[in-house]
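I opened my notebook to go through one protein model, topic by topic. Here is what I looked up.

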Amino acid sequence: MTTKGPESEHPSVTLFRQYLRICTMQPNPDYGGAITFLEERARQLGLSCQKIEVVPGYVITVLTWPGTNPSLPSILLNSHTDVVPVFKEHWHHDPFEAFKDSEGYIYARGAQDMKSVSIQYLEAVRRLKSEGHRFPRTIHMTFVPDEEVGGHKGMELFVKRPEFQALRAGFALDEGLANPTDAFTVFYSERSPWWVRVTSTGKPGHASRFIEDTAVEKLHKVISSILAFREKEMQRLQANPRLKEGAVTSVNLTKLEGGVAFNVVPATMSASFDFRVAPDVDMKAFEKQLQSWCQEAGEGVTFEFAQKFTEPRMTPIDDTDPWWAAFSGACKEMNLTLEPEIFPAATDSRYIRAVGIPALGFSPMNRTPVLLHDHNERLHEAVFLRGVDIYTRLLSALASVPALPGES
């Protein structure tokens with residue numbers, strides 16, 4: 001396959017590929033390279049650029065286009081700069097080359113998750129500015145680190161800082177997912193990650209004997225209870241075609257640890273689980289359920305959280321809400337079909353919503369397989385460019401939402 005000559009490539013696509021080549025792969029992302037790239041974008045676009053170091057080496061970059069009425073709460077466009085690791089041997093092309101094949105598919109880690117959206121924000125602002133537009137509301141673009149490993153050194157800390165409060169965000173957009181159909185998925189909430197380690201202690205001894213009350217027996221009981229719950233939730237999802245994955249609670253057993261030798265019954269064993277708790281679940285009741293599964297297994301069975309998010313929020317998606325009305329109205333004008341869903345995994349939106357700011361997750365990629373975190377992650381240049389068109393219209397609508405009740 002051959003690549004198209006650069007003379008035939010849209011400048012927005014060239015910029016997208018340039019950003020994809022900055023290797024911001026966990027666990028050692030080139031954040032410095034990303035920040036330099038963003039500073040240059042700010043300079044070219046005539047935007048202010050603020051850098052906020054939330055912990056040493058972890059910088060939030062904020063590009064700002066002031067509105068004509070700075071007293072109004074702003075529009076926040078969030079994206080993360082880091083990407084997940086790759087298994088190079090499974091890729092058709094170098095994942096950090098941003099190779100474009102003869103059909104126009106761009107292969108790169110981050111093509112869908114979520115460097116495409118970062119560049120769509122920037123290019124939509126560039127287009128609107130070059131056409132001489134001004135809007136009442138200020139637009140802030142935040143580029144954050146650490147999202148792919150939980151956002152604990154990124155957005156989770158940033159929302160608690162005075163610099164974040166100073167942005168006075170009234171509404172936010174963040175990442176979504178591709179949709180293989182003609183429709184576009186938009187996410188108004190997400191499941192809460194609960195990473196739970198269950199530890200079981202019991203009688204050790206020689207592995208030739210029928211020892212009672214072993215750690216493994218008790219751990220097996222807990223695993224059985226949790227996997228039975230998993231089966232129940234999976235059946236609930238399959239039985240109702242109207243339910244999407246994000247509307248039920250998922251769980252997977254991800255780690256088993258313990259044991260010292262083939263012929264020794266271990267005194268301690270542990271199992272780790274990744275729960276994604278649906279936003280309508282009673283969190284306190286669910287934690288009690290975890291406790292009861294451990295108690296039912298026997299003495300010496302405990303659990304601890306490696307991660308526990310307990311502040312799920314749902315952004316309104318009815319036409320009486322001015323933000324949803326502006327977002328969905330612009331989509332309707334473009335003849336886009338929207339499919340509102342609860343995000344099945346976790347994004348930085350959860351931290352934004354938790355501090356009371358409505359947020360929607362939206363990556364404008366339709367007729368595109370969901371390939372985030374997958375081998376050969378790719379995006380067609382035509383889908384990417386249409387996304388710039390879509391964001392240009394969305395930003396116009398959102399930044400023009402008139403003052404709401406309670407806004408100065």
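My entries below go from the core to the salt bridges and then to the backbone. I keep in mind that this model is predicted.

**Entry 1: the cores**

I started with the nonpolar side chains. In soluble globular proteins, such side chains tend to be buried together. How many residues does the largest nonpolar core have? I found 65. Those with the most contacts inside this core are M141, L173, F327, F362, Y391 and L394. Helix α10, residues 381–398, gives the most to this core, with 9 residues. Apart from this core lies another one, of 22 residues. M269, F286, L290 and W293 are among its members.

I then picked Y391 for a closer look. Leaving out residues up to four places away in sequence, Y391 touches V117, Q120, Y121, A124, L173, F362 and P364. L173 and F362 also stood in my list of core residues with the most contacts.

**Entry 2: a nonpolar patch outside**

Next I checked the surface. L227, L253 and L256 form a nonpolar patch there. Together they have about 250 Å² of accessible area. I located L227 in helix α6, residues 215–239. Is L227 buried or partly exposed? L227 counts as partly exposed, because its relative accessibility is 36%.

**Entry 3: salt bridges**

Side chains of opposite charge can pair when their charged atoms come close. I noted 22 salt bridges in the structure.

I looked at E407 with R137. Their closest N and O atoms are 2.7 Å apart. The two residues are 270 places apart in the chain. E407 sits in the segment after α10, and R137 sits in the loop between α3 (115–130) and β6 (139–144). Both E407 and R137 are buried.

E190 and R353 came next. Their salt bridge has an N to O distance of 3.8 Å. E190 lies in strand β8 and R353 in helix α9, so this pair ties together parts that are 163 residues apart in sequence. E190 is buried, at 5% relative accessible area. R353 is buried too, at 4%.

Then I turned to R276 and D274. Their closest N and O atoms are 2.7 Å apart. R276 counts as buried because its relative accessibility is 16%. D274 has 18%, so D274 is buried as well.

I also wrote down a network. Salt bridges link E9, R17, K100 and E381 in it.

**Entry 4: a buried charge without a partner**

Which side chain of opposite charge is nearest to D348? I found R350, 5.1 Å away. D348 has no salt bridge, because a salt bridge needs the nitrogen and oxygen within 4 Å. D348 is nevertheless buried. I placed D348 in the loop between β15 (338–343) and α9 (349–354). Its contacts, not counting residues up to four places away in sequence, are N78, V144, E147, G151, M155 and D174.

**Entry 5: two loop residues**

I compared sequence distance with distance in space. R134 is in the loop between α3 and β6. R134 and T68 are 66 residues apart along the chain, and their C-alpha atoms are separated by 6.8 Å. Beyond its neighbours within four places in sequence, R134 is in contact with W65, P66, G67 and T68.

V281 lies in the loop between β13 (268–277) and α7 (283–297). V281 and D146 are 135 residues apart along the chain, with 27 Å between their C-alpha atoms. V281 touches T249 and F286, not counting residues up to four places away in sequence. At 24% relative accessible area, V281 is partly exposed.

**Entry 6: the backbone**

Most residues other than glycine have a negative phi, and most peptide bonds are trans. I went looking for exceptions.

A cis peptide bond joins Q26 and P27, with omega about 10°. P27 is in the loop between α1 (11–20) and α2 (31–45). Another cis peptide bond joins D113 and M114, with omega about -10°. M114 is in the loop between β5 (105–107) and α3.

Where does R367 lie? R367 is in the loop between β16 (359–361) and β17 (378–380). R367 is not a glycine, yet its phi is positive, about 50°. R367 counts as exposed, at 61% relative accessibility. H373 is found in the loop between β16 and β17 too. H373 has a positive phi of about 70° and is not a glycine either. At 44% relative accessibility, H373 counts as partly exposed.

Terms used. Residues are numbered from 1 along each chain as its sequence is written. This is a predicted model: local features need pLDDT of at least 70, side-chain atom pairs count only at pLDDT 80 or more; totals for chains, interfaces and linings use all residues. Side-chain values use heavy atoms; hydrogens and water are left out. Helices (H or I, at least four residues) and strands (E, at least two) are DSSP runs, numbered from the N terminus. Buried means under 20% relative accessible area, exposed over 50%, partly exposed in between (1.4 Å probe, protein chains only). Lys and Arg count as positive and Asp and Glu as negative; His and the chain ends are not counted. Contact means heavy atoms within 4.5 Å. A nonpolar core is a set of buried Ala, Val, Leu, Ile, Met, Phe, Trp, Tyr and Cys residues joined through side-chain atoms within 4.5 Å. Patches are made of residues with over 30% relative accessible area and no salt bridge: like charges are joined within 9 Å, nonpolar side chains (Val, Leu, Ile, Met, Phe, Trp, Tyr) within 5 Å. Accessible areas come from the Shrake-Rupley method with a 1.4 Å probe; for residues, only the protein chains shown count as cover.
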